[in-house]
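Trainee: Got a minute to go through this one with me? I'd like to get a feel for it before I set anything up.

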Amino acid sequence: MLRLLSFSLFLATWWIAALFVGGAKLPSPPAVLNVTIAEASSGALFLHLGATLARVALAFVLAMSLGSAIGYLMGRVKLADRLGDPWLILLLNLPALVVIVLAYIWAGLTEAAAIAAIAINKLPTAIVTLREGTRALDRSLDEMATVFAMPRWRAFRHVVLPQLAPYIAASARSGLSLVWKIVLVAELLGRPNGVGFEIGVAFQLFDTPRLLAYSLTFAAVVLVIETLLVQPFEARATRWRPRAA
(Lines give C-alpha, C1' and ligand atoms only; values in the text may rest on other atoms or scores of the structure.)
Protein backbone atom coordinates (compact mmCIF):
# COMPACT_ATOMS: atom_id res chain seq x y z
CA MET A 1 0.00 0.00 0.00
CA LEU A 2 2.85 2.38 0.79
CA ARG A 3 4.46 1.70 -2.59
CA LEU A 4 1.12 2.25 -4.32
CA LEU A 5 0.68 5.52 -2.43
CA SER A 6 4.19 6.61 -3.40
CA PHE A 7 3.51 5.79 -7.07
CA SER A 8 0.21 7.69 -6.97
CA LEU A 9 1.96 10.71 -5.48
CA PHE A 10 4.57 10.54 -8.25
CA LEU A 11 1.88 10.51 -10.95
CA ALA A 12 -0.01 13.37 -9.33
CA THR A 13 3.13 15.49 -9.04
CA TRP A 14 4.05 14.73 -12.65
CA TRP A 15 0.57 15.63 -13.90
CA ILE A 16 0.48 18.93 -11.99
CA ALA A 17 3.98 19.83 -13.18
CA ALA A 18 2.95 19.08 -16.78
CA LEU A 19 0.03 21.50 -16.43
CA PHE A 20 2.31 24.31 -15.27
CA VAL A 21 5.28 23.65 -17.59
CA GLY A 22 3.34 22.69 -20.70
CA GLY A 23 3.09 19.58 -22.81
CA ALA A 24 5.99 20.54 -25.09
CA LYS A 25 8.55 20.30 -22.29
CA LEU A 26 6.84 17.84 -19.95
CA PRO A 27 4.07 15.70 -21.48
CA SER A 28 1.31 14.48 -19.20
CA PRO A 29 1.14 10.80 -18.13
CA PRO A 30 -1.64 9.96 -20.65
CA ALA A 31 0.44 11.38 -23.52
CA VAL A 32 3.46 9.30 -22.56
CA LEU A 33 1.24 6.24 -22.04
CA ASN A 34 -0.19 6.60 -25.55
CA VAL A 35 3.31 6.69 -27.07
CA THR A 36 4.33 3.68 -24.97
CA ILE A 37 1.32 1.69 -26.16
CA ALA A 38 2.00 2.67 -29.79
CA GLU A 39 5.66 1.60 -29.53
CA ALA A 40 4.69 -1.65 -27.84
CA SER A 41 2.02 -2.37 -30.46
CA SER A 42 4.56 -1.95 -33.27
CA GLY A 43 7.00 -4.24 -31.47
CA ALA A 44 9.75 -1.61 -31.41
CA LEU A 45 9.62 -1.21 -27.65
CA PHE A 46 10.19 -4.90 -26.95
CA LEU A 47 12.89 -5.13 -29.63
CA HIS A 48 14.94 -2.30 -28.11
CA LEU A 49 14.32 -3.44 -24.54
CA GLY A 50 15.44 -6.95 -25.46
CA ALA A 51 18.65 -5.65 -27.05
CA THR A 52 19.45 -3.59 -23.98
CA LEU A 53 18.70 -6.41 -21.54
CA ALA A 54 20.88 -8.81 -23.55
CA ARG A 55 23.82 -6.40 -23.36
CA VAL A 56 23.27 -5.90 -19.64
CA ALA A 57 23.17 -9.65 -19.00
CA LEU A 58 26.32 -10.41 -21.02
CA ALA A 59 28.35 -7.53 -19.60
CA PHE A 60 27.19 -8.23 -16.04
CA VAL A 61 28.04 -11.94 -16.17
CA LEU A 62 31.43 -11.22 -17.75
CA ALA A 63 32.33 -8.52 -15.23
CA MET A 64 31.14 -10.50 -12.20
CA SER A 65 32.98 -13.65 -13.29
CA LEU A 66 36.30 -11.92 -13.95
CA GLY A 67 35.92 -9.50 -11.05
CA SER A 68 35.16 -12.23 -8.53
CA ALA A 69 38.13 -14.35 -9.66
CA ILE A 70 40.58 -11.42 -9.71
CA GLY A 71 39.27 -10.03 -6.41
CA TYR A 72 39.62 -13.42 -4.71
CA LEU A 73 43.16 -13.79 -6.06
CA MET A 74 44.17 -10.30 -4.90
CA GLY A 75 42.68 -10.97 -1.47
CA ARG A 76 44.59 -14.25 -1.10
CA VAL A 77 47.96 -13.46 -2.74
CA LYS A 78 49.89 -10.35 -1.65
CA LEU A 79 51.98 -10.27 -4.82
CA ALA A 80 48.85 -10.23 -6.99
CA ASP A 81 47.40 -7.47 -4.83
CA ARG A 82 50.50 -5.29 -5.17
CA LEU A 83 50.74 -5.83 -8.91
CA GLY A 84 47.03 -5.29 -9.55
CA ASP A 85 46.36 -2.38 -7.20
CA PRO A 86 47.69 0.42 -9.50
CA TRP A 87 45.60 -0.90 -12.39
CA LEU A 88 42.59 -1.15 -10.10
CA ILE A 89 42.97 2.47 -8.99
CA LEU A 90 43.27 3.55 -12.63
CA LEU A 91 40.10 1.71 -13.66
CA LEU A 92 38.18 3.03 -10.66
CA ASN A 93 38.97 6.63 -11.58
CA LEU A 94 38.75 6.35 -15.37
CA PRO A 95 35.51 7.94 -16.62
CA ALA A 96 33.06 5.50 -18.17
CA LEU A 97 32.72 7.73 -21.23
CA VAL A 98 36.46 7.46 -21.94
CA VAL A 99 36.34 3.65 -21.77
CA ILE A 100 33.37 3.49 -24.14
CA VAL A 101 34.90 5.91 -26.67
CA LEU A 102 38.27 4.11 -26.63
CA ALA A 103 36.57 0.73 -27.06
CA TYR A 104 34.70 2.01 -30.12
CA ILE A 105 37.88 3.56 -31.59
CA TRP A 106 40.00 0.45 -31.05
CA ALA A 107 37.44 -2.26 -31.83
CA GLY A 108 34.98 -0.39 -34.03
CA LEU A 109 31.26 0.19 -33.54
CA THR A 110 30.62 -3.47 -32.79
CA GLU A 111 28.57 -5.40 -30.27
CA ALA A 112 31.71 -6.87 -28.73
CA ALA A 113 33.18 -3.41 -28.17
CA ALA A 114 30.00 -2.21 -26.43
CA ILE A 115 29.79 -5.23 -24.13
CA ALA A 116 33.51 -5.08 -23.33
CA ALA A 117 33.29 -1.37 -22.48
CA ILE A 118 30.31 -1.93 -20.18
CA ALA A 119 32.02 -4.89 -18.47
CA ILE A 120 35.28 -2.97 -17.96
CA ASN A 121 33.42 -0.16 -16.23
CA LYS A 122 31.79 -2.66 -13.86
CA LEU A 123 34.93 -4.78 -13.33
CA PRO A 124 36.84 -2.68 -10.73
CA THR A 125 33.89 -2.43 -8.32
CA ALA A 126 33.51 -6.21 -8.35
CA ILE A 127 37.24 -6.66 -7.77
CA VAL A 128 37.32 -4.24 -4.82
CA THR A 129 34.28 -5.78 -3.13
CA LEU A 130 35.47 -9.38 -3.49
CA ARG A 131 39.02 -8.47 -2.45
CA GLU A 132 37.73 -6.95 0.78
CA GLY A 133 35.48 -9.96 1.33
CA THR A 134 38.42 -12.33 0.85
CA ARG A 135 40.53 -10.33 3.31
CA ALA A 136 37.73 -10.65 5.86
CA LEU A 137 37.62 -14.48 5.67
CA ASP A 138 37.93 -16.30 8.98
CA ARG A 139 41.38 -17.90 8.97
CA SER A 140 40.41 -20.31 11.72
CA LEU A 141 37.86 -21.88 9.39
CA ASP A 142 40.61 -22.40 6.82
CA GLU A 143 42.67 -24.13 9.49
CA MET A 144 39.71 -26.32 10.39
CA ALA A 145 39.32 -27.37 6.75
CA THR A 146 43.03 -28.23 6.64
CA VAL A 147 42.87 -30.26 9.85
CA PHE A 148 39.93 -32.29 8.52
CA ALA A 149 41.74 -32.75 5.19
CA MET A 150 38.87 -31.36 3.16
CA PRO A 151 39.46 -31.37 -0.60
CA ARG A 152 40.22 -27.89 -1.93
CA TRP A 153 37.01 -27.57 -3.96
CA ARG A 154 34.84 -28.83 -1.10
CA ALA A 155 36.51 -26.42 1.33
CA PHE A 156 35.87 -23.57 -1.11
CA ARG A 157 32.25 -24.64 -1.59
CA HIS A 158 31.35 -25.13 2.09
CA VAL A 159 33.79 -22.84 3.95
CA VAL A 160 34.86 -19.95 1.72
CA LEU A 161 31.87 -19.38 -0.55
CA PRO A 162 29.26 -18.93 2.25
CA GLN A 163 31.47 -16.24 3.78
CA LEU A 164 31.87 -14.50 0.43
CA ALA A 165 28.17 -14.72 -0.47
CA PRO A 166 27.19 -11.38 1.16
CA TYR A 167 30.03 -9.64 -0.66
CA ILE A 168 29.04 -11.26 -3.96
CA ALA A 169 25.45 -10.12 -3.39
CA ALA A 170 26.55 -6.56 -2.57
CA SER A 171 28.81 -6.49 -5.63
CA ALA A 172 26.03 -7.81 -7.84
CA ARG A 173 23.52 -5.24 -6.62
CA SER A 174 25.83 -2.22 -6.88
CA GLY A 175 27.30 -3.45 -10.13
CA LEU A 176 23.94 -4.02 -11.75
CA SER A 177 22.86 -0.49 -10.91
CA LEU A 178 26.07 0.74 -12.56
CA VAL A 179 25.60 -1.42 -15.66
CA TRP A 180 22.03 -0.12 -16.13
CA LYS A 181 23.41 3.41 -16.50
CA ILE A 182 26.46 2.66 -18.61
CA VAL A 183 24.66 0.50 -21.18
CA LEU A 184 22.49 3.45 -22.20
CA VAL A 185 25.57 5.60 -22.83
CA ALA A 186 27.19 2.84 -24.89
CA GLU A 187 24.02 2.47 -26.98
CA LEU A 188 23.65 6.22 -27.38
CA LEU A 189 27.18 6.55 -28.78
CA GLY A 190 27.53 3.57 -31.04
CA ARG A 191 24.72 1.02 -31.36
CA PRO A 192 21.86 0.91 -33.89
CA ASN A 193 19.30 -0.36 -31.38
CA GLY A 194 18.51 -0.44 -27.69
CA VAL A 195 16.87 1.95 -25.25
CA GLY A 196 19.89 4.28 -25.28
CA PHE A 197 19.74 4.50 -29.08
CA GLU A 198 16.03 5.39 -28.98
CA ILE A 199 16.64 8.02 -26.31
CA GLY A 200 19.31 9.56 -28.56
CA VAL A 201 16.93 9.62 -31.52
CA ALA A 202 14.18 11.19 -29.40
CA PHE A 203 16.63 13.83 -28.18
CA GLN A 204 17.65 14.75 -31.74
CA LEU A 205 13.99 15.09 -32.73
CA PHE A 206 13.02 16.87 -29.48
CA ASP A 207 10.41 14.15 -29.06
CA THR A 208 9.89 14.36 -25.31
CA PRO A 209 6.96 11.89 -25.08
CA ARG A 210 8.99 9.20 -26.86
CA LEU A 211 12.03 9.93 -24.69
CA LEU A 212 9.99 9.58 -21.51
CA ALA A 213 8.19 6.49 -22.82
CA TYR A 214 11.44 4.57 -23.32
CA SER A 215 13.08 5.97 -20.18
CA LEU A 216 10.18 5.11 -17.88
CA THR A 217 9.66 1.68 -19.44
CA PHE A 218 13.34 0.94 -18.89
CA ALA A 219 13.08 2.19 -15.30
CA ALA A 220 10.04 -0.05 -14.72
CA VAL A 221 11.94 -3.10 -16.00
CA VAL A 222 14.88 -2.25 -13.73
CA LEU A 223 12.53 -1.94 -10.76
CA VAL A 224 10.92 -5.32 -11.49
CA ILE A 225 14.32 -7.07 -11.78
CA GLU A 226 15.53 -5.39 -8.60
CA THR A 227 12.41 -6.42 -6.67
CA LEU A 228 12.00 -9.98 -7.98
CA LEU A 229 15.62 -11.09 -8.50
CA VAL A 230 18.27 -8.92 -6.86
CA GLN A 231 16.66 -8.29 -3.47
CA PRO A 232 15.65 -11.96 -2.89
CA PHE A 233 19.16 -13.07 -3.87
CA GLU A 234 20.73 -10.60 -1.45
CA ALA A 235 18.36 -11.67 1.34
CA ARG A 236 19.20 -15.34 0.75
CA ALA A 237 22.93 -14.69 0.61
CA THR A 238 22.87 -12.83 3.95
CA ARG A 239 20.28 -14.99 5.73
CA TRP A 240 22.86 -16.47 8.11
CA ARG A 241 23.85 -13.03 9.45
CA PRO A 242 22.22 -11.90 12.73
CA ARG A 243 19.62 -9.18 12.25
CA ALA A 244 19.47 -6.01 14.30
CA ALA A 245 16.68 -5.91 16.83
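Mentor: Let's talk through the pocket, the annotated spans and a few aromatic pairs. Keep in mind that this is a predicted model.

Trainee: Okay, pocket first. What volume does the largest pocket have?

Mentor: About 500 Å³ for the largest pocket. It is lined by 17 residues, and those closest to its centre are Phe7, Phe10, Leu11, Leu216 and Ala220.

Trainee: Which elements give two or more residues to that lining?

Mentor: Helix 1 (2-21), helix 2 (29-42) and helix 10 (208-237). Helix 10 supplies the largest share, with seven residues.

Trainee: And how does the lining divide into nonpolar, polar and charged?

Mentor: Twelve nonpolar, four polar and one charged.

Trainee: Let me stay on helix 10 for a second. Thr217 is in there, so is Thr217 buried or exposed?

Mentor: Buried, because its relative accessibility is 16% and the cut-off for buried is under 20%.

Trainee: What is Thr217 in contact with, leaving aside its neighbours within four places in sequence?

Mentor: Thr36, Leu45 and Leu49.

Trainee: Switching topic: which residues does UniProt annotate as "transmembrane region"?

Mentor: The unreviewed entry gives 56-75, 87-106 and 211-233. In the model, residues 211-233 are 100% helix and 0% strand, with the end C-alpha atoms 32 Å apart. For residues 87-106 the figures are 90% helix and 0% strand, and the end C-alpha atoms there are 20 Å apart.

Trainee: Is there a domain record too? Which residues does UniProt list for it?

Mentor: Residues 49-229, under "domain: ABC transmembrane type-1", again from an unreviewed entry. That stretch is 89% helix and 0% strand, and its end C-alpha atoms are 18 Å apart.

Trainee: Now the rings. How many aromatic pairs does the count come to?

Mentor: Five aromatic pairs. In one of them, the ring centres of Phe10 and Trp14 are 5.9 Å apart and the planes sit at 45 degrees, so this pair is tilted.

Trainee: Where do Phe10 and Trp14 lie?

Mentor: Both are in helix 1, four residues apart, which is about one turn of the helix. Phe10 counts as partly exposed, at 41% relative accessibility, whereas Trp14 is buried, at a relative accessible area of 11%.

Trainee: What about Phe203 and Phe206, how far is it centre to centre?

Mentor: That is 6.4 Å, with 40 degrees between the planes, and the pair is tilted. Phe203 and Phe206 are both exposed.

Trainee: Anything odd about the backbone there? What phi does Phe206 take?

Mentor: A positive one, about 55 degrees, just after helix 9. Within helix 9 (residues 195-204), the buried residues are Val195, Gly196, Glu198, Ile199, Gly200 and Ala202.

Trainee: A glutamate in the buried list, noted. Which residues do ring pairs link into a cluster?

Mentor: Tyr72, Trp153 and Phe156.

Trainee: Last one. Where does Ala107 lie?

Mentor: In helix 5 (residues 96-107). Ala107 counts as partly exposed because its relative accessibility is 45%.

Trainee: And what separates its C-alpha from that of Trp14?

Mentor: The C-alpha atoms of Ala107 and Trp14 are separated by 42 Å, and the two residues are 93 apart along the chain.

Note on methods
Residues are numbered from 1 along each chain as its sequence is written. This is a predicted model: local features need pLDDT of at least 70, side-chain atom pairs count only at pLDDT 80 or more; totals for chains, interfaces and linings use all residues. Side-chain values use heavy atoms; hydrogens and water are left out. On a 1 Å grid over the protein atoms alone, a cavity is a set of points where a 1.4 Å probe fits but cannot get out, and a pocket is an open set with protein on both sides within 12 Å along at least five of seven lines; lining residues have an atom within 4 Å of a point. Grid points are joined across faces, edges and corners, and a volume is the space filled by probe spheres set on the points. Ala, Val, Leu, Ile, Met, Phe, Trp, Tyr, Cys and Pro count as nonpolar, Asp, Glu, Lys and Arg as charged, and the others, Gly among them, as polar. UniProt positions are given in the numbering used here, feature names are shortened, and annotations may be inferred rather than shown by experiment. Buried means under 20% relative accessible area, exposed over 50%, partly exposed in between (1.4 Å probe, protein chains only). Rings of Phe, Tyr and Trp (its six-membered ring) pair if their centres lie within 6.5 Å; planes under 30 degrees apart count as stacked, over 60 as edge-to-face and the rest as tilted. Contact means heavy atoms within 4.5 Å.
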